[in-house]
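The exercises below concern salt bridges, a surface patch and pockets, and each is followed by a worked solution. Please look over the model before you begin.

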Amino acid sequence: FAKVFKSTPDDLDMHVIYDVSHNIAKVEEHIVKGQIKKLLVHRKGATRAFPPHHPLIPVDYQTIGQPVLIGGTMGTCSYVLTGTKKGMQETFGSTCHGAGRAMSRNKSRNTLDYKQVLEKLGEKGISIRVASPKLVMEEAPESYKDVTDVVNTCHAAGISKKCVKLRPLAVVKG
């Protein structure tokens with residue numbers, strides 16, 4: 001990081017803004033058939049997306065809803081969404097946490113070329129540091145579904161609301 005940006009995160013006043021858990025199980029209260037029930041909600045491939053004014057989201061986000069980070073791939077955009085009332089009613093306050101794989105890790109390793117993936121990322125101005133070449137193929141943009149299509153589907157369904165589109169500058173994968 002310091003080599004690429006010629007400065008440390010502290011010098012740049014960088015800090016964690018929001019951290020999102022996914023692939024977890026939590027005990028929560030939800031309305032089921034008109035009754036409040038205590039449920040164990042398992043979010044596999046999903047994350048919490050609670051609506052505005054929900055008591056379990058931080059005070060800073062009470063008026064907008066819980067932030068949801070939908071990560072793209074090393075070479076595509078990512079998104080910030082927020083939870084909605086409809087999502088709370090229909091999905092227990094859940095939405096996806098990424099686009100999902102289009103190709104298995106094994107197929108990606110056997111099909112994609114490490115150097116070509118790095119070249120394509122470089123052409124987009126994306127810097128990458130990775131512990132192993134196989135991780136580059138496994139996490140290549142071609143290995144995943146189109147994140148914009150997935151986010152647009154969640155937004156259109158009303159289970160989360162699009163707020164911000166982000167573009168990658170650098171990738172660290174280890």
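**Exercise 1.** Decide whether Phe5 is buried, partly exposed or exposed in this predicted model, and find the surface patch to which Phe5 belongs.

*Solution.* Phe5 has a relative accessible area of 37%, and because buried means under 20% and exposed over 50%, Phe5 is classed as partly exposed. As to its place in the fold, Phe5 sits in helix H1. On the surface, Phe5 joins Phe1, Val4, Leu12, Met14 and Leu169 in a nonpolar patch, whose members together have about 530 Å² of accessible area.

**Exercise 2.** Describe the salt bridge between Glu28 and Arg43, and state whether each partner is buried or exposed.

*Solution.* The starting point is a general one: side chains of opposite charge can pair when their charged atoms come close. For Glu28 and Arg43 the N to O distance is 2.8 Å, which lies within the 4 Å that a salt bridge requires. The pair links distant parts of the chain, since Glu28 belongs to strand S1 and Arg43 to strand S2, 15 residues apart. Turning to accessibility, Glu28 is buried at 3%, and Arg43 is likewise buried, at 2%.

**Exercise 3.** Work out which residues make up the network of salt bridges, and which parts of the chain are tied together by the pair Arg109 and Glu138.

*Solution.* The network links Arg101, Arg105, Arg109, Glu138 and Glu139. Within it, Arg109 and Glu138 meet with an N to O distance of 2.3 Å. Arg109 lies in helix H3 and Glu138 in helix H5, so this pair ties together parts that are 29 residues apart in sequence. Arg109 is partly exposed at 30% relative accessibility, whereas Glu138 is buried at 6%. A further salt bridge joins Arg101 to Glu139, with their closest N and O atoms 3.9 Å apart. In total, seven salt bridges are counted in the model.

**Exercise 4.** Characterise the largest pocket and the second largest pocket by volume and lining.

*Solution.* The largest pocket has a volume of about 1800 Å³, and its lining consists of 44 residues, with Leu69, Gly71, Ser78, Leu166 and Ala170 nearest the centre. By class, this lining holds 22 nonpolar, 13 polar and nine charged residues, and strand S8 gives the most to it, with four residues. The second largest pocket holds about 360 Å³ of space. Its lining has 16 residues, among which Glu29, His30, Ile31, His54 and Met88 are closest to the centre. The largest share of that lining, five residues, comes from S1.

Notes:
Residues numbered from 1 in each chain as written. Predicted model: local features only at pLDDT ≥ 70, side-chain atom pairs only at ≥ 80, totals over all residues. Heavy atoms only, no water. 1 Å grid on protein atoms, 1.4 Å probe; cavity = no way out; pocket = protein on both sides within 12 Å on 5 of 7 lines; lining within 4 Å. Points joined across faces, edges and corners; volume = space filled by probe spheres on them. Helix = DSSP H or I, 4+ residues; strand = E, 2+ residues; numbered from the N terminus. Nonpolar A, V, L, I, M, F, W, Y, C, P; charged D, E, K, R; others polar. Patch = residues over 30% accessible without salt bridge, like charges linked within 9 Å, V, L, I, M, F, W, Y side chains within 5 Å. Areas by Shrake-Rupley, 256 points an atom, 1.4 Å probe, with all protein chains shown as cover. Salt bridge = Lys/Arg side-chain N within 4 Å of Asp/Glu carboxyl O. Buried < 20%, exposed > 50% of the residue type's maximum accessible area, 1.4 Å probe, protein only.
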